[in-house]
Amino acid sequence: MDITMRLAQQPEADELLGRSRLAALVGMLLDQQVPMEWAFSGPYTIARRMGADDLDAHAIAAADPEAFAALLSEKPAVHRYPGSMAKRVQQLCAYLVEHYGGDAEAVWRGVPTGDELLERLKELPGFGEQKARIFLALLGKQLGVRPEGWREAAGGYGQAGVYRSAADITGPESLAKVRAHKQEMKAAAKAGKAAGAGEKGKAAAKAGKAAGKTAGAGADGK
C-alpha cells in the first residue's frame, strides 16, 4: 500500500518512501549526523544511481563494496560519511536477505506486540535503541503498523501530538517543530555537560587544595 510521506521534502524521494518499506528502513538508517531531508532522500538517490525505481536488498547486499561506496560518494553524496554508511546499508540488506528473504516488510508483518517488534528492529544492523524506537513510532504513526502496545514500546516517540522525531514529520511545518525540539535537546544536553564539568572542576580544586595542605603539613613535620 502506498502512503503519502513528507520526510525527504522532495516529491520523487517521498513517493519512493511511501511505497517502498526498504527505502523507509534505509532512510531511517541514514538519519544520523545529517539533516533529515538529506537522509531520507538517500534511498531515492541510491535507487536512481543503481538504475532502478526501487531498492533491492538482494542487489545491494551482493554489490561490490568498493563500487557501492563509490556510488554513494558521487556528488552530491548520499551522506556526510558515504563510505561508512555504504557499509551499513549493505550490512542491513544482507541481514534482511538472510533473515527475511530480502523483504523489509517481513520484519513487522504479523508481529503481535510492540515489544516484540521493538526487539526485531533492534536486531537490525545499525539500529540501536533510539533508532528502533523512532522507526517503530514511524511505522505506527504513518505506515499503519500498530501491534498491541506499539506506542508504549516506542517510548516518548510514540506519543500522540508531539514533534520529536521523523515519525512526526508530515510537512514543512512539522519538520520545523521537530528541528526546534532537537535543538532544544542539544542545548539542554550541552548545558548539563557544562554544569557537570563545572562541578568536577570544583571537586578537583577542592581535592587539590586538601592535598596541598597535607603536603604542607608533612613538610613542617606536623
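Rings of Phe, Tyr and Trp (its six-membered ring) pair if their centres lie within 6.5 Å; planes under 30 degrees apart count as stacked, over 60 as edge-to-face and the rest as tilted. The model shown here is predicted: local features need pLDDT of at least 70, side-chain atom pairs count only at pLDDT 80 or more, and totals for chains, interfaces and linings use all residues. Residues are numbered from 1 along each chain as its sequence is written, and side-chain values use heavy atoms, with hydrogens and water left out.

**The whole chain**

Begin with the entire chain in a cartoon view. Its secondary structure comes to 10 helices and zero strands, where helices (H or I, at least four residues) and strands (E, at least two) are DSSP runs, numbered from the N terminus. Of the 222 residues, 41% count as buried; buried means under 20% relative accessible area, exposed over 50% and partly exposed in between, with a 1.4 Å probe and protein chains only. Switching to a surface view shows about 11,600 Å² exposed, of which carbon and sulfur atoms supply 53%. Such areas come from the Shrake-Rupley method with a 1.4 Å probe, and for residues only the protein chains shown count as cover. Among contacts (heavy atoms within 4.5 Å) with a separation of 6 or more, 56% are between residues 24 or more positions apart.

**The aromatic pairs**

Next, display the aromatic side chains. A search of the whole structure finds three aromatic pairs. The rings of Tyr-95 and Tyr-100 have centres 6.5 Å apart and planes at 55 degrees, so this pair is tilted. Both of these tyrosines are buried.

Now select Trp-108 and Phe-135, which form a tilted pair with 5.8 Å from centre to centre and 55 degrees between the planes. This pair links distant parts of the chain, 27 residues apart: Trp-108 lies in the loop between α6 (82-100) and α7 (114-122), and Phe-135 in helix α8 (residues 129-142). Trp-108 and Phe-135 are both buried. Add Phe-127 to the selection: ring pairs link Trp-108, Phe-127 and Phe-135 into a cluster.

**The nonpolar core**

Which residues have the most contacts inside the largest nonpolar core? They are Leu-25, Leu-96, Leu-121, Leu-124 and Phe-135, in a core of 65 residues. A nonpolar core is a set of buried Ala, Val, Leu, Ile, Met, Phe, Trp, Tyr and Cys residues joined through side-chain atoms within 4.5 Å. Centre the view on Leu-124: not counting residues up to four places away in sequence, Leu-124 touches Leu-25, Leu-92, Tyr-95, Leu-96 and Val-107.

**Helix α2**

Select residues 21-30, which make up α2. This helix is mostly covered, with 10 of its 10 residues buried. Among the buried residues of α2 are Arg-21, Leu-25, Gly-27 and Met-28. Their cover includes α1, α3, α4 (57-62), α6 and α8.

**Two glutamines with positive phi**

Continue to Gln-9, in the segment before α1 (11-19). Its phi is near 60 degrees, a positive value in a residue other than glycine. Gln-9 counts as partly exposed, at 29% relative accessibility.

Then move to Gln-33, in the loop between α2 and α3 (36-49). Phi of Gln-33 is near 65 degrees, again a positive value in a residue other than glycine. Is Gln-33 buried or exposed? Gln-33 is exposed, with a relative accessible area of 52%.

**Arg-49 and the cis peptide bond**

Select Arg-49 in helix α3. This residue is buried, with a relative accessible area of 19%. A polar atom of the Arg-49 side chain lies 2.8 Å from the backbone oxygen of Leu-71. Leaving aside neighbours within four places in sequence, Arg-49 is in contact with Leu-71, Leu-72, Glu-74, Lys-75, Pro-76 and Val-78.

Two of these partners deserve a view of the backbone. The peptide bond from Lys-75 to Pro-76 is cis, with omega near -10 degrees. Pro-76 is placed in the loop between α5 (65-73) and α6.

**Ser-165**

For the last stop, select Ser-165, in the loop between α9 (150-153) and α10 (172-220). Ser-165 is buried, with a relative accessible area of 1%. Leaving aside neighbours within four places in sequence, its contacts are Ile-134, Tyr-157 and Val-178. Finally, add His-181: its C-alpha atom is 8.6 Å from that of Ser-165, and the two residues are 16 apart along the chain.

Technical notes: A polar contact is a pair of N or O atoms within 3.5 Å; within protein, one must be able to donate a hydrogen and the other to accept it, and residues adjacent in sequence count only if both atoms are side-chain atoms.
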